[in-house]
Amino acid sequence: MKGRLLYLVRFYLTTVLLFVIAKVVFMFCNGAGHDIAVTDVWQVVSHGLSLDLSVSLYLLIVPFLFAVSTIFFGTQRLSRIIMSAYNLFVAVILALTFVADTSLYAFWQFKLDASCLQYLETPTEAMASVTGTYIAVRVLLFVVIVSLIYFVYTYPKHHLVKSSHRWRETEAAIVCIPLIIIGIRGGLSESTTNIGQVYFSHNQFLNHAAVNPLFSFLSSIGKSGDSIIGYNYFTDDECARLTEGLFDTDSVNPDTLLNSRQPNIVLIIMESCGGQFTQMGGHPEIMPHLNSLSSEGVFFSQCYANSWRTDKGVVSILSGYPAFPITSVMKIPEKSRKLPSIASTLAAEGYSTSFYYGGDINFTNMRSYLMSTGYQGICWKSDFSYSEQNTAKWGVRDDIMFNTLLSDIKHEKADHWMKTLLTLSSHEPWDVPTKQLDDPVYNAFNYLDICLNDFIRQLRQLPIWENLLVVILPDHGYRYKGINETTRLYNHIPMLWLGGAVKEPHRVEALCNQSDLPATLLGQMGLSHTDFTFSRDVVGSNYRMPTAWHTFNNGATLYDSTGFVAYDLDAEAVIVHEGDNTEELLQRSKALLQLTSHDLRKK
């Protein structure tokens with residue numbers, strides 16, 4: 001038993017150490033031109049260790065299974081052959097990963113991922129950017145590194161033979177299985193191991209250095225540009241004709257909603273808070289405060305969500321990028337980091353930007369997306385005490401998060417700032433500390449309403465209220481009591497602008513999506529939003545084709561003044577329609593799928 005344990009522990013720790021060394025070498029080879037210090041090496045290694053530990057466990061699976069098998073049978077010669085073969089295999093994989101990652105970063109400025117596979121189809125073009133000497137040196141390095149890794153795995157040699165204590169060792173092995181699975185998964189929380197969990201700096205180079213290159217490559221398979229579904233229904237010309245006029249990236253003579261071009265901004269993204277829980281859905285009793293506030297600011301009465309999930313809705317809100325039926329852009333760092341965002345635009349104007357979320361910020365690669373798109377500070381579950389972290393199933397409950405945000409606003413030193421809060425308590429299992437309504441779902445949204453009202457009430461008492469804009473809208477709706485993605489009410493969401501920066505109460509009746517927030521907001525601030533390709537200034541005089549588009553799990557809906565259509569991609573059939581313009585709406589919805597998916601593939 002001792003021999004088997006030593007073999008497995010040594011293999012595992014050797015693998016972890018190799019990943020650590022690779023990080024240091026990566027920083028040394030690619031650090032030129034990046035603002036880094038000696039202390040950053042430790043930060044990169046320590047923050048990246050969680051991915052290294054997980055990937056090392058993946059590579060340990062075969063040795064573990066082999067070691068278990070030798071409890072019952074095996075000879076020294078057989079075990080030596082099998083271990084040597086696997087050691088060589090791992091050495092080749094690691095050496096190839098390290099050399100490719102360290103070498104290609106200088107060209108790509110992002111970590112190794114599956115996009116490199118497309119160059120295997122055109123190796124001549126791939127080689128055209130480098131010299132023969134460059135290639136020869138990399139090949140030599142590969143051979144040397146394979147030899148070194150193989151050596152450290154193989155020596156000293158371990159001989160695994162049949163055990164005289166078979167059942168005792170078998171029991172020990174069974175106990176280890178769940179530990180390995182938990183380690184690979186990254187713990188028992190809702191989020192699983194992902195790239196975003198190692199992001200820690202505003203310096204993207206340090207974040208990239210912390211990412212395990214083998215994990216980056218494997219996790220991108222199935223998510224890279226080539227594997228994203230490219231919906232192909234029409235010729236390019238026909239697609240362009242069907243979508244012509246839908247997206248205009250300019251603001252032409254927009255209505256003046258604000259009395260300030262540089263307001264401080266609080267953006268509140270309410271978890272699952274579709275209009276069905278407000279007076280919009282015939283339930284004024286659930287969120288009475290939000291209903292009342294709607295008459296005090298700019299209320300967008302015909303706003304619709306782009307998707308049904310938080311990771312997709314957040315990207316639509318912050319980056320003005322449409323959601324997709326299957327693909328989650330947030331989960332694909334090589335795509336999401338290329339998106340524009342309200343935060344990055346305002347940061348370029350001197351704004352301080354920060355994001356607040358009481359849950360696990362690594363969930364669905366959220367940290368990666370936020371830090372890559374302009375957020376300079378992140379406050380999440382780990383920043384709170386243990387007791388606060390467990391006040392709700394998903395993390396820190398909303399009243400604590402609102403109070404934290406309020407406190408930070410009071411102590412904010414920057415002249416101009418934007419703070420974003422993503423709530424979480426209005427989510428299953430609806431575990432909130434108040435009991436105002438008997439229906440647990442309705443009660444959770446009532447609790448959110450209470451938290452929101454208390455926050456706004458206290459904000460009004462602060463001097464910063466005079467130049468403050470509070471934007472309130474949800475990430476998506478919620479399937480409840482017969483309302484689902486194919487019903488317009490599910491997608492219908494409240495969007496409200498409040499604060500002293502609002503010129504006067506106003507009701508915007510234009511049909512729009514939550515993805516239109518960036519263009520509309522930046523247009524009011526006199527800032528360009530031409531890089532927000534699919535976001536529209538809905539109060540501009542050039543907004544002439546009001547349309548709301550929504551995607552759900554392998555389906556899409558489209559709504560305009562002529563009607564509504566819901567299309568199931570699996571069934572390839574219209575499942576819901578309103579009005580007499582079904583075919584034209586369907587064609588346009590398909591064209592939007594094609595236009596947006598092709599745009600994503602090109603990023």
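Guide: In this description, helices are DSSP runs of H or I with at least four residues and strands are runs of E with at least two, both numbered from the N terminus. The model itself is predicted.

Visitor: Where in the chain is Ser515 found?

Guide: Residues under 20% relative accessible area count as buried, and Ser515, at 4%, is therefore one of the buried positions. As for its place, Ser515 belongs to the loop between strand E9 (512–513) and helix H19 (517–524).

Visitor: Which residues does Ser515 touch, not counting those up to four places away in sequence?

Guide: Among the partners of Ser515 is Ser316, which is itself one of the buried residues of H11. Another partner is Gly320, a residue just after H11 with a positive phi of about 65°. With neighbours up to four places away in sequence left out, the full list is Asn306, Ser316, Gly320, Tyr321, Phe534 and Ser535.

Visitor: How many of the residues of H11 are buried?

Guide: The buried residues of H11 include charged types such as Asp311 and Lys312 alongside Val314, Val315, Ile317 and Leu318. Helix H11 is largely enclosed by the rest of the structure, because the number of its residues that are buried is 10 of the 10.

Visitor: What is the separation of the C-alpha atoms of Ala305 and Leu473?

Guide: Ala305 is found in the loop that runs from strand E2 (298–304) to helix H11 (310–319), and it counts as buried because its relative accessibility is 0%. Leaving out residues up to four places away in sequence, Ala305 touches a set that includes Asp475, His476, Trp549 and His550. Although Ala305 and Leu473 are 168 residues apart along the chain, their C-alpha atoms are separated by 9.4 Å.

Visitor: Is the aromatic pair of Tyr231 and Tyr233 stacked or edge-to-face?

Guide: A search of the whole structure finds 26 aromatic pairs, and one of these, Tyr231 with Tyr233, has its rings 6.4 Å apart centre to centre with 10° between the planes. Tyr231 is buried at 9% relative accessible area, whereas Tyr233 is partly exposed at 32%. Planes under 30 degrees apart give one class of pair, and the class of Tyr231 and Tyr233 is therefore stacked.

Visitor: How many residues apart in sequence are the parts that the pair of Phe355 and Tyr375 ties together?

Guide: The ring centres of Phe355 and Tyr375 lie 5.4 Å apart and the planes stand at 80°, so this pair is edge-to-face. Phe355 lies in strand E3 (residues 352–357), while Tyr375 lies in the loop between helix H14 (366–372) and strand E4 (377–379). Both partners are buried, Phe355 with a relative accessible area of 0% and Tyr375 with 2%. The distance in sequence between the parts that the pair ties together is 20 residues.

Visitor: At what distance from the ring centre of Tyr134 does Arg138 lie?

Guide: Lys111 offers one example of a charge over a ring, with its charged end 4.1 Å from the centre of the ring of Phe26. In another example, Arg138 lies over the face of Tyr134, and its distance from the ring centre is 3.7 Å.

Visitor: Which residues make the nonpolar surface patch of about 280 Å²?

Guide: One member, Leu5, has its place in helix H1 (residues 2–30) and is exposed, because its relative accessible area of 52% lies over the 50% cut-off. The nonpolar patch, about 280 Å² of surface, is made by Leu5, Val9 and Leu13.

Definitions and conventions
Residues are numbered from 1 along each chain as its sequence is written. This is a predicted model: local features need pLDDT of at least 70, side-chain atom pairs count only at pLDDT 80 or more; totals for chains, interfaces and linings use all residues. Side-chain values use heavy atoms; hydrogens and water are left out. Buried means under 20% relative accessible area, exposed over 50%, partly exposed in between (1.4 Å probe, protein chains only). Contact means heavy atoms within 4.5 Å. Patches are made of residues with over 30% relative accessible area and no salt bridge: like charges are joined within 9 Å, nonpolar side chains (Val, Leu, Ile, Met, Phe, Trp, Tyr) within 5 Å. Accessible areas come from the Shrake-Rupley method with a 1.4 Å probe; for residues, only the protein chains shown count as cover. A salt bridge is a side-chain nitrogen of Lys or Arg within 4 Å of a carboxyl oxygen of Asp or Glu. Rings of Phe, Tyr and Trp (its six-membered ring) pair if their centres lie within 6.5 Å; planes under 30 degrees apart count as stacked, over 60 as edge-to-face and the rest as tilted. A charge sits over a ring if NZ of Lys or CZ of Arg is within 6 Å of the ring centre and within 35 degrees of the ring normal.
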